[in-house]
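Look at the assembly below and turn it slowly. This report follows some of the places where its parts meet.

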Amino acid sequence: MSARSYLWLFLPALALLLLFILAPAADLLRASMFDPDFTTEHFARLVTRGVYIDVMLRTIRVSLIVAVCCTIIGYPIAYFINLQPRSRQTILLFLILIPMWMSILIRTFAWIVVLGRDGLLNEALAAVGLIDEPVRMLFTSGAVLAAMVQILLPIQILTCYAAMTEIDFDLIRAARVLGAKPRQALMRVFLPLSLDGTITGLVIVFMLSMGFFITPALLGGRQDTMIANLIEFQVQRLNWSFAAALGLVLLLLTIVMIVLLRGLGRMAARRILKAGL
Amino acid sequence: MNKLLLGAAASVMLAQPVLAQDKVLTIAGSGGVVKEISERVFLPAFEEATGWSTKFVAAESNILLEVRTMVASGQMLYDAMEVSASAYPQAVREGLLEPIDYKLLDPNNELPDKAKKEFGVVAASYSTVPVQRLDKNPEGRKMESWSDFWDVEAFPGPRSLKQQPEYNLEFALLADGVALDDLYDVLGTEEGVDRAFDKLDELKPHIPVWWTSGAQSVQLLSDGEVFYSTTYNGRVGKLQESGIDVEIMWNGGALHTSHVGIPKGAPNYEAAHEWVRVRTMRPDLEAEYVKHLPYPNFAPGLFDAMTEEQAKTMPTYPANADLQFVANEEFWADNIERIRERFDEWLLE
Amino acid sequence: MNLMKASLGLRIYFWVVVAYMIFPVLIVIPVSFSSSEFLRFPPQDISARWYMAYFNDPVWISATVTSFRVAVLSTLISTTVGTMAALAISRAPHRSQTPLTYAATVPILIPHIFIALGVLILALRLGLTDSEITLALAHAAVAMPFVVLITSAAIRQIDPTIERAARVLGADPFRAFRVATLPPLIPAIVAAAIFAFFVSFDELIIAQFLMKGSETLPMRIWADLRLDISPVVAAVSGLLIVVTTLAMMIAEILRRRTVRTLAP
């Protein structure tokens, strides 16, 4: 059977994309450049007023940190779950998914309870005499990071886990039999095989972070604005063209970042492989 | 009482020509509690008066975009809609609203002039007001003005303001000694805007968080994350009832009005007027409504339908209204773009 | 160190991270039993007030049911369509694989408000506003990229020669796929489906634009944001967790029992 004959499998996806995504994407492109005649005014405004570029860069930075944290924290968790017997795996995965049933609003509130002025952490620190005055933990970039990682971690764990289940543990056993040290076996056999899924998880978390704005708005300080906040404001003002320009630049930057991330991920993997020798 | 009966009779008469079975009036407005109370108080009255049934659609912050899309596509799904204070000038400029026919709505001229706009009738008044946690104040002291709000020596502690320039610039100017009546003259000049930002500079280090939704500001006060914050007047009473020692400072608050309007191309223009009447001109219904949500309108005789104690908590109660300024939404519609950019840059500094 | 068994260190690490992930539950459940009008921790008293409020309010209940219905439908659509697309991509000529993957990924990259507006225009044109099916389809479009990405990663691990072997041995393409390719993909497909479910279950903006009558759970939850966060939101979160935990436990007990009866 030729490769071409499988392409019909893509048709339903294409239909969904055409129906629901193509029109908005085309509108994004059109609105950003025609208002109603061709104009580069919106892109010019975006570039010349420092705030937009500034916030974009901040958004990328936060998203990168969140994605990397989720990967580093989540990978061993997925690995651990994968080591368990099948029946226990289901239960552990279920445990990981519990927080997703809670509205983000409520999870944000939980962070306020812990990190607040009169919060649990401040009270605990005061009780053991480490601090006299409440320490400001809420409304900081740190609080935003802690909460975003918490929200997105299940996604990274799930993605890593899905990629790991298919790895044949016999390969690792074989490596061990052939005299590889445990670390070597892990680095040279297991890691490369699970890498694709891990980078996919990293990319997904990154993309989702780029669109976040509720959590940063509720837990962050004045400098934790995300680009989605600015887009929202422009939409509410009915500045559709400028909002579209912002959306388009966000889209392009995200794609560039994904290409970079995938490339860097592979490069880092090669490094680890060499070091593992 | 007579007036009330007359009003009811008039509304029945008005409704006659459009009375029909299985006719549905679709109304877009805020969701949540607002929707709940509206469905309990106003919708039955409208249904009784007209024989129509109703559908209340919860529409949130993007309602103007939605309505603009419906206007453009020539398919208006709403008969009437809530138009918030800041949305009104925008909706008018974009041509999204039908003019109100006051001959149809208010033939006896009962509504005061301030309730009647060309494209909408005032359905609710609310205030952006500073609120203080009395229990966090220094012994025996109480904030009386915006200058006190700015005085971090006399009133130490974290504060919060809404993350937007609107009304905050006015508050800053009031703290800087500008009189209520001169606010928009000062703000209309470049120096006035500079002056407001300079004043905000003073307070910036004492504002750990800038709130973005009404719920957040209330929660911040309730948790004690901040001691002083602006908020909408609506939920302060509930905060007090739940044992939090807070108090509204009406002095220097910003008074807003939100409207009920009829979107362009609404399928039931005349019946929509009957809805507008029920929503804005029935003191009996409105008195019930403000028991739950203290956002009064200008229904004739509304304050007579309330107890004195309740009336005092209303933003439009004369003693409260006199202390506040009426927010100039036109000014903001004209100037928000550039000031907002400056404000966002200022926040990141 | 045995690679096939988790070390003590890894075990401890696992539970620390789990604690970090689920501590909100330990705060939300007590808060949901408070009678206070506002979210307060620790709760001052114990009452079922907000649970009663939930069960006595048809709007909350129907919003929950609607959200479940839409999410399940949307999950079925996006998982099927997305897995098919991932298969197509894996078998496409090598140079067109990357462009196809990016094409299928675009929906994540467009801010939802733009998609919402596009969907509204479409629905107005077709007279399909307030339709759960339209909403489920739109959610499926938004969730599909996740399915494509997750299943693609798994497909790349699978040896295509097995399916080819099955074909050579006379299996028809569908059977070859079902027997050879599908089973090892199941974990990835399940992961993708879970994902797709929550994408739809939590989605707010498209639902707001499309649903003119019935509400979804996120619509109901966020409707109060202008005034205050109702503790009902805590009660709903608590309920969902309890209900899903119970369902999970029952499923597990049933599974064990089946295993036992099947055992010789």
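UniProt annotations may be inferred rather than shown by experiment, and their feature names are shortened. With that in mind, start with chain A of this predicted model. An unreviewed UniProt entry places the annotation "domain: ABC transmembrane type-1" on residues 56–261 of chain A. That span is 78% helix and 0% strand. Its end C-alpha atoms lie 17 Å apart.

**Chain C against chain A**

Chain C touches chain A. The contact takes 76 residues from chain C and 68 residues from chain A. Which helices of chain C each supply at least two residues to its side? They are α1 (8–32), α3 (58–91), α4 (94–109), α5 (112–126), α6 (132–155), α8 (173–202) and α11 (232–262). Of these, α1(C) gives the most, with 13 residues. What kinds of residue make up this side of chain C? It divides into 67 nonpolar, 5 polar and 4 charged residues.

**Two domains in chain B**

Now move to chain B. The domain assignment gives two domains, each written as two segments. The table lists them with what each brings to their contact.

| Domain of chain B | Residue bounds | Residues in the contact |
|---|---|---|
| Domain 1 | 2–125 + 256–321 | 12 residues |
| Domain 2 | 128–254 + 329–348 | 9 residues |

The C-alpha centres of domain 1 and domain 2 of chain B lie 30 Å apart. On the side of domain 1 that touches domain 2, helix α4 (residues 87–93) of chain B gives the most, with 3 residues. By class, that side of domain 1 has 7 nonpolar, 5 polar and no charged residues.

**A helix pair between chains A and B**

Two packed helices are described by the angle between their axes and the distance between the axes. Here the pair is helix α3 (residues 50–83) of chain A and helix α16 (residues 329–348) of chain B. Their axes are 9 Å apart and the angle is about 45°. Why are α3(A) and α16(B) called oblique? Angles under 35 degrees count as roughly parallel, and 65 to 115 as roughly perpendicular. The angle of about 45° fits neither range, so α3(A) and α16(B) are oblique to each other. Their crossing is left-handed.

Which residues meet here? From α3(A) come Gly50(A), Val51(A) and Asp54(A). From α16(B) come Glu341(B), Asp344(B), Glu345(B) and Leu348(B). By class, this contact holds 2 nonpolar, 1 polar and 4 charged residues.

Definitions and conventions. Residues numbered from 1 in each chain as written. Chains lettered and ligands numbered in written order. Predicted model: local features only at pLDDT ≥ 70, side-chain atom pairs only at ≥ 80, totals over all residues. Contact = placed C-beta atoms within 7 Å. Helix = DSSP H or I, 4+ residues; strand = E, 2+ residues; numbered from the N terminus. Nonpolar A, V, L, I, M, F, W, Y, C, P; charged D, E, K, R; others polar. Domains from an automatic or database assignment. Axes fitted to C-alpha atoms, helices over the stretch in contact; angles between N-to-C directions. Parallel < 35°, antiparallel > 145°, perpendicular 65-115°, else oblique. Left-handed = near helix turned anticlockwise from the far one by under 90°.
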